[in-house]
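Work through these exercises with the structure open beside you. Try each task before you read its solution.

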Amino acid sequence: MRIGIEAQRIFRKNKHGMDYVVLQEIKELQQMDTKNEYFVFVAPGEDHCLEDTKNVHIIEIGGNFYPIWEQITLPNAAKELKVDILHCTSNTAPIFCNIPLILTLHDIIFLEPRDKSNKSLYQNMGWLYRRLVVPRILNKCKKIITVSDFEKKNIISKLSIPEEKMVMIYNGYNDWFKPVQDLERIYQKYIDEPGYFFFLGNTDPKKNTERTLIAYSKYLEKSDAKRKLLMADLDQSFLDDIIDRNHIENIRKNIVIPGYIINSDLPYIYNNAFAFLYTSLRESFGIPLLEAMACGTPVITSNTSSMPEIGGQHAILVNPESSDEIAQKMLELENNDALYRAQEDIGLKRAALFSWRQTAEQLLNVYDYVYRHRR
């Protein structure tokens, strides 16, 4: 097979969820499949995190506006290289493309009610682009991959996709997320002392940053330890707005916001954290949930969408719309040593059920099926 894989953003320096998923899938395929030929289409960037191997070719094309790159530059390059199938990995795909398509549709949040408080131009443009493109490409796709049973059922229900067209493939996590000793104290690049709560918040309303901060304020009112809160991917002005709007000035001196944390430092951040807060309103999978559990770090996560499916029935699950419930679980972890030790063990066992190798093996099965049924 001559397999094309769209991986447009993986060379950018500050990668996010979907970038890491396709990057790890390709790395696993490089190691396990020497039979088929791969053409990985990327936009130019400064982080050359993939290199050519004998049967995997990294094709840098364009550097233009993403819709132009995906709708024109990508299908032209794939056609020129005569790929047999084209896997588009980030929710959208070329509308006009005669090559058999496989789409990874991570979620359909773009079809759900929009929070008007989201002022991010980048996120709003992405939301609009997906609403325009996805309905036009679904019928063209030979297979549609998604990343959890929750999301699979959601897509089938809301988009009337035949179940036989859908494939569920879990994501994995990188094997450097494990219990490690931070001999060089890498965590100190971001925060002074270990034993903090860690939260990957941003301006997207689904991340539930505001309620989590309100919960943290309530935790501080009752805690003797008053652990700090390390928050990645958040800027000061956004934080200030939340503090002022909710009159939670008591959190200000305990919040640390270092900005973007590079992926290679994250294992040390998880390992030195007291607990990880993954209190989103909605996730299609949740790789950070696995990463924290694989490090043996207790997790407080939400009882909505895919999070109970990924975290497992013994995870600490909360109603993400209840700041009181989030705060209560933070305090329980702090005051109940038996609960804390049990959650360390539960997380390690749960994370061991997932791997990128399993993901790549299932993905290769999809490629083989579509190739055999491409006519």
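## Exercise 1: A salt-bridge network

D240 is partly exposed, with a relative accessible area of 22%. Here buried means under 20% relative accessible area, exposed over 50%, and partly exposed in between (1.4 Å probe, protein chains only). Before starting, note that this is a predicted model, in which local features need pLDDT of at least 70 and side-chain atom pairs count only at pLDDT 80 or more, while totals for chains, interfaces and linings use all residues. Residues are numbered from 1 along each chain as its sequence is written, and side-chain values use heavy atoms, with hydrogens and water left out.

**Task.** Find the salt bridge between D240 and R252, and say which parts of the chain the pair ties together.

**Solution.**
Step 1. Recall the cut-off: a salt bridge is a side-chain nitrogen of Lys or Arg within 4 Å of a carboxyl oxygen of Asp or Glu. Side chains of opposite charge can pair when their charged atoms come close.
Step 2. Check the distance. The side chains of D240 and R252 meet at 2.7 Å, N to O.
Step 3. Place both residues. D240 lies in helix α6 and R252 in the loop between α6 and β10 (255–259), so the pair ties together parts that are 12 residues apart in sequence. Helices (H or I, at least four residues) and strands (E, at least two) are DSSP runs, numbered from the N terminus.
Step 4. Check the cover on R252. Its relative accessible area is 29%, which is partly exposed.
Step 5. Widen the view. D240, D244, E249 and R252 are linked in a network of salt bridges. The search of the whole structure finds 20 salt bridges.

## Exercise 2: Two more pairs

**Task.** For the salt bridges D19 with R12 and K15 with D47, decide which partners are buried and which are partly exposed.

**Solution.**
Step 1. Take D19 and R12. Their side chains meet at 2.8 Å, N to O. D19 is buried at 5% relative accessibility. R12 is partly exposed at 28%.
Step 2. Take K15 and D47. Their closest N and O atoms are 2.5 Å apart. The pair links distant parts of the chain, 32 residues apart: K15 is in the loop between β1 and α1 (17–32), and D47 is in the loop between β2 (37–42) and β3 (56–60).
Step 3. Read off the cover. K15 is buried at 4%. D47 is partly exposed at 29%.

## Exercise 3: A helix with two sides

**Task.** Which residues of helix α4 (residues 149–159) are buried, and what do they pack against?

**Solution.**
Step 1. List the buried residues: E151, K152, N154 and I155.
Step 2. Look down the axis of α4. These buried residues fall within an arc of 165°, so they line one face of the helix. The arc is that of the directions from the helix axis to the C-beta atoms.
Step 3. Turn to the other side of α4. K153 and S157 are exposed there.
Step 4. Find the packing partners. The buried residues pack against β6 (141–146) and β7 (166–168). Contact means heavy atoms within 4.5 Å.
Step 5. Step just past α4. S160 takes a positive phi of about 55°.

## Exercise 4: A strand and its partners

**Task.** Which strands are joined to β4 by bridges, and do they run parallel or antiparallel?

**Solution.**
Step 1. Recall the rule: two strands pair if DSSP finds at least two bridges between them.
Step 2. Start with β1 (residues 2–6). Four bridges join β1 to β4, and the two run parallel. E6 has C88 as its bridge partner in β4.
Step 3. Go on to β5 (residues 101–104). Three bridges join β4 to β5, again parallel. L86 stands opposite L101 in β5.
Step 4. Sort the side chains of β4 (residues 85–88). I85 and H87 point one way, L86 and C88 the other way, and all are buried.
Step 5. Follow the chain into the loop between β4 and β5, where N91 sits. N91 has a positive phi of about 80° although it is not a glycine. N91 is buried, at 2% relative accessible area.
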